[in-house]
Amino acid sequence: METLKLLRDYFPMAVFTGKCLLFISEDWRVELSEHKDSDFSKAAAEPSTIRVKISKKALNGEFVPGHYEDFQLALLSELAEQIEKYVQSAIGTNLRENIE
């Protein structure tokens, strides 16, 4: 959860639920969740994996899961930048303008 808490500063329009960072608009739902590697036999600790799930609202009003991507970048600013690019490409619009 530490990485998600740090990402809140990069995405002030997101809501932190205690479990994930969540962006919601009329047509989209974007969820960022953090997954740690539980293999303690590794010498160096790898950065957490941030899974980005994107769902689009269907005609019946339910959010239909679309696709997801896992990000594992050590530098927080690079992680935030790449997540933002991915989400903008997936939803076809500027994240900061339409998911606020």
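## Leu7 and its contacts

Leaving aside residues up to four places away in sequence, Leu7 touches Leu21, Leu32, Ile50, Leu76, Leu79, Ala80 and Ile83. The model in which these contacts appear is a predicted one, and the contacts described here should be read with that in mind.

Leu7 is also among the residues that touch the most other members of the largest nonpolar core, a group that includes Phe11, Leu32, Val52 and Ile83 as well, within a core of 20 residues. At least two residues of this core come from each of helix H1 (2-10), strand S2 (20-24), strand S3 (28-35), strand S4 (49-57) and helix H2 (76-91). The most is given by H2, which supplies 6 residues. As a general background, nonpolar side chains in soluble globular proteins tend to be buried together.

## Thr3 in helix H1

A second residue to consider is Thr3, which is found in helix H1. Thr3 counts as buried because its relative accessibility, at 17%, falls under the 20% cut-off. When residues up to four places away in sequence are not counted, Thr3 touches Glu34, Ser48, Ile50, Leu76 and Leu79. Of these, Ile50, Leu76 and Leu79 also appear among the residues that Leu7 touches.

## Strand S2 and its neighbours

Strand S2 is largely enclosed by the rest of the structure, because 4 of its 5 residues are buried. On one side of the pairing scheme, strand S1 (residues 15-16) and S2 run in the antiparallel sense over 2 bridges, with Leu22 of S2 as the bridge partner of Val15. The hairpin of S1 and S2 has 3 residues between the strands, and in this hairpin Gly18 takes a positive phi near 95°.

S2 also pairs with S3, again in the antiparallel sense, over 5 bridges, and in this pairing Phe23 stands opposite Val30 in S3. The connection from S2 to S3 is a hairpin that passes through 3 residues.

## The chain as a whole

The protein chain contains 3 helices and 5 strands, which follow one another along the sequence in the pattern α-β-β-β-β-β-α-α. Of its 100 residues, 33% count as buried, and the accessible surface of the chain comes to about 6400 Å², with 50% of that belonging to carbon and sulfur atoms.

Among the contacts between residues at least 6 apart in sequence, 43% join residues that are at least 24 apart. The contact between Leu7 and Ile83 is one example of a pair brought together from separate elements, H1 and H2.

Terms used. Residues are numbered from 1 along each chain as its sequence is written. This is a predicted model: local features need pLDDT of at least 70, side-chain atom pairs count only at pLDDT 80 or more; totals for chains, interfaces and linings use all residues. Side-chain values use heavy atoms; hydrogens and water are left out. A nonpolar core is a set of buried Ala, Val, Leu, Ile, Met, Phe, Trp, Tyr and Cys residues joined through side-chain atoms within 4.5 Å. Buried means under 20% relative accessible area, exposed over 50%, partly exposed in between (1.4 Å probe, protein chains only). Contact means heavy atoms within 4.5 Å. Accessible areas come from the Shrake-Rupley method with a 1.4 Å probe; for residues, only the protein chains shown count as cover. Two strands pair if DSSP finds at least two bridges between them.
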